[in-house]
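Visitor: Hi, can you walk me through this model? I'm new to this, so short answers please.
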Amino acid sequence: GDRKLLFLREFDERLAPVNAWETEVKNPRYGQPTSYNLTFDDPKLTGVKGSGRATEQVHWSRVVHVADNLTTSDVFGVPRMRPVFNDLLDLRKLYGGSAEMYWQGAFPGMALQSDPNLADIPFPDNLKDIMEEYRNGLQRYLALAGTEAKMLSPTVVSPDVQIKVHLEAICVRLGVPLRIFLGSERGELASSQDARAWNGRIRQRQNRFLTPRLIAPVVDRLVALGVLPEPEKYMVEWPDISEKT
């Protein structure tokens, strides 16, 4: 083409809110965005506002709108955490609760028992202050008259079983083999059946989403803008992910 492509940049939906919509029913782009407000400098990352190019209004022809969604909507995507959001909250509780359990178990409770032969001797009035000094201060001894202190054995339970249950629930909901979901160390031990299932999932995403929703729209837009010459036809081919390159 006669034009040159200066740059490409991706924006998440937080930095690219829709400014206006097509409201003409007879327009082929009815219900589609007509302009966006693009924020080029994310204030949450840089901490700087008003850098001179913070926000610009951009026409839809300069934007390829990608909604990570295989349903009917081309504008609105489905949050990736929505199907497993409750399990993620439960995992957050388990991870935080295991640390609290260790902290409580590292300093177990204490039971104070008076000598039955000295039943007439009451607990000292400053007993609470003594225990507070022992627990939170530098004092490492207890001076108790007629009272015996016994340490209570803490009950510490490993959260591994509960964490694994929620991870399995997430993998079932997302359709990802557990050993691949946990990362490369576990993924290397994944069975050939897990690898084939995951490769099939990736291949399906390549052909059903990335090609028609991302690659083809970008190429078509560059052709429409005169950046690329208009071909008679083109094809998108993906390398075989099952073979080693």
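Guide: We will go through pockets, cores and a few single residues.
Guide: This is a predicted model, where local features need pLDDT of at least 70, side-chain atom pairs count only at pLDDT 80 or more, and totals for chains, interfaces and linings use all residues. Residues are numbered from 1 along each chain as its sequence is written, and side-chain values use heavy atoms, with hydrogens and water left out.

Visitor: What volume does the largest pocket have?
Guide: About 1,500 Å³. A pocket here is an open set of points on a 1 Å grid over the protein atoms alone, where a 1.4 Å probe fits, with protein on both sides within 12 Å along at least five of seven lines. The volume is the space filled by probe spheres set on the points, which are joined across faces, edges and corners.

Visitor: Which residues are closest to its centre?
Guide: Arg9, Glu10, Phe11, Val63 and Val64, out of 39 that line the largest pocket. Lining residues have an atom within 4 Å of a point.

Visitor: And which element gives the most to that lining?
Guide: H7, with four residues. Helix H7 spans 192-224, and strands E1 (18-21) and E2 (33-39) also supply at least two residues each. Helices (H or I, at least four residues) and strands (E, at least two) are DSSP runs, numbered from the N terminus.

Visitor: How many of the lining residues are nonpolar, polar and charged?
Guide: The largest pocket has 26 nonpolar, three polar and ten charged residues in its lining. Ala, Val, Leu, Ile, Met, Phe, Trp, Tyr, Cys and Pro count as nonpolar, Asp, Glu, Lys and Arg as charged, and the others, Gly among them, as polar.

Visitor: OK, second largest pocket. What lies nearest its centre?
Guide: Asp68, Arg80, Leu174, Arg201 and Arg205, among 19 lining residues. Helix H4 (160-174) and H7 each give two or more residues to this lining. H7 has the largest share, six residues. The space in this second pocket is about 710 Å³.

Visitor: Changing topic. Which residues make up the largest nonpolar core?
Guide: Ala16, Tyr36, Leu38, Phe40, Val58 and Val63. A nonpolar core is a set of buried Ala, Val, Leu, Ile, Met, Phe, Trp, Tyr and Cys residues joined through side-chain atoms within 4.5 Å. Buried means under 20% relative accessible area, exposed over 50%, partly exposed in between (1.4 Å probe, protein chains only). A second, separate core of five residues includes Leu91, Ile163, Leu167 and Ile170.

Visitor: Is Thr211 buried or exposed?
Guide: Thr211 counts as buried because its relative accessible area is 17%. Thr211 sits in helix H7.

Visitor: What does its side chain make a polar contact with?
Guide: The side chain of Trp238, at 2.9 Å. A polar contact is a pair of N or O atoms within 3.5 Å; within protein, one must be able to donate a hydrogen and the other to accept it, and residues adjacent in sequence count only if both atoms are side-chain atoms.

Visitor: And His166, what does that touch?
Guide: Asp87, Asp90, Leu91 and Leu94, not counting residues up to four places away in sequence. Contact means heavy atoms within 4.5 Å. His166 is in helix H4.

Visitor: Last one. Where is Arg140?
Guide: Arg140 is in the loop between helix H3 (127-136) and strand E5 (147-151). Arg140 counts as exposed because its relative accessibility is 51%.
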